[in-house]
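Hi,

Here's the structure I said I'd pass along. Have a look at it first, and my notes are underneath.

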Amino acid sequence: MPEELTDDRLGMVFTTTDLTGPDLISQPLGVEHLFVNLDRFLPQANQTAVSFKDLAGLSFVVLDDIGAWKDVIGKEIEDAHFMYQDECDAMDEITRYSSFPYFTTNVTAADPSYHPVPANNRVERSIKGPKAELTIYVTVKRQRQTQVQPLVDRLKAAWAKLPTTPTTGGTNVLK
């Protein structure tokens, strides 16, 4: 990706890696926190937060284009089965009419295309541990920093308003 910045095909990129170098400047934009949305009848739904180990062996419905999270969940959740979906509409339908767990992040709530499953069906839980957090960097060409810094500052301010804990799902009625 740095070549697309240095040859001016892109003005900025978002990555999970600090790409600062002679021609590029990376700034942390914020931290993305991974959450899991569980059927309220699963034992894990009674916990306020779960570990990747707690999710071992479950089957998940997952949006295919989730970036770095795809590698994280694939490596961290043992014996899991992931049913990847290419389309947001298909993902919405499956999560609405099934009990399969699915993932969201603190950034998901800011996506206008996201339609959470009604709270009476699911509880959203934080996933514990450092692998459930990704620092997101915005990287720009060094000579463009002054030009794009006002936009970067607005993005950082908006990110700072994102939740760091689940905002949907409420509490489990099975406690």
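Below is what I found, starting with how far to trust the coordinates.

This is a predicted model, so keep the confidence values at hand. The protein chain has a mean pLDDT of 88, and 90% of its residues come in at 70 or more. The stretch to be wary of is residues 170–175, where pLDDT stays under 50. The model does give that stretch 15 contacts beyond four places in sequence, but where pLDDT is low, the predicted coordinates should not be read in detail.

Next, the second largest pocket, which might be up your street. It holds about 210 Å³ of space. The lining is made up of F14, T15, T16, L29, V107, A110, I136, L155, A158, W159 and L162. By class, that comes to nine nonpolar residues, two polar ones and no charged ones. Both β1 (12–15) and α4 (145–160) put at least two residues into the lining, and α4 gives the most, with three.

Then there's a bit of strand pairing to look at. Strand β4 (residues 59–63) runs parallel to strand β5 (residues 81–85), and the two are joined over five bridges. Within that pairing, V62 has Y84 of β5 as its bridge partner, while L63 sits opposite Q85. Add helix α2 (residues 69–76) to β4 and β5, and you have a right-handed β-α-β unit.

Shout if anything is unclear.

Cheers

Key: Residues are numbered from 1 along each chain as its sequence is written. This is a predicted model: local features need pLDDT of at least 70, side-chain atom pairs count only at pLDDT 80 or more; totals for chains, interfaces and linings use all residues. Side-chain values use heavy atoms; hydrogens and water are left out. pLDDT is the predictor's confidence in each residue, from 0 to 100. Contact means heavy atoms within 4.5 Å. On a 1 Å grid over the protein atoms alone, a cavity is a set of points where a 1.4 Å probe fits but cannot get out, and a pocket is an open set with protein on both sides within 12 Å along at least five of seven lines; lining residues have an atom within 4 Å of a point. Grid points are joined across faces, edges and corners, and a volume is the space filled by probe spheres set on the points. Helices (H or I, at least four residues) and strands (E, at least two) are DSSP runs, numbered from the N terminus. Ala, Val, Leu, Ile, Met, Phe, Trp, Tyr, Cys and Pro count as nonpolar, Asp, Glu, Lys and Arg as charged, and the others, Gly among them, as polar. Two strands pair if DSSP finds at least two bridges between them. A crossover is right-handed if, with the strands pointing away from the viewer, the path from the first strand over the helix to the second runs clockwise.
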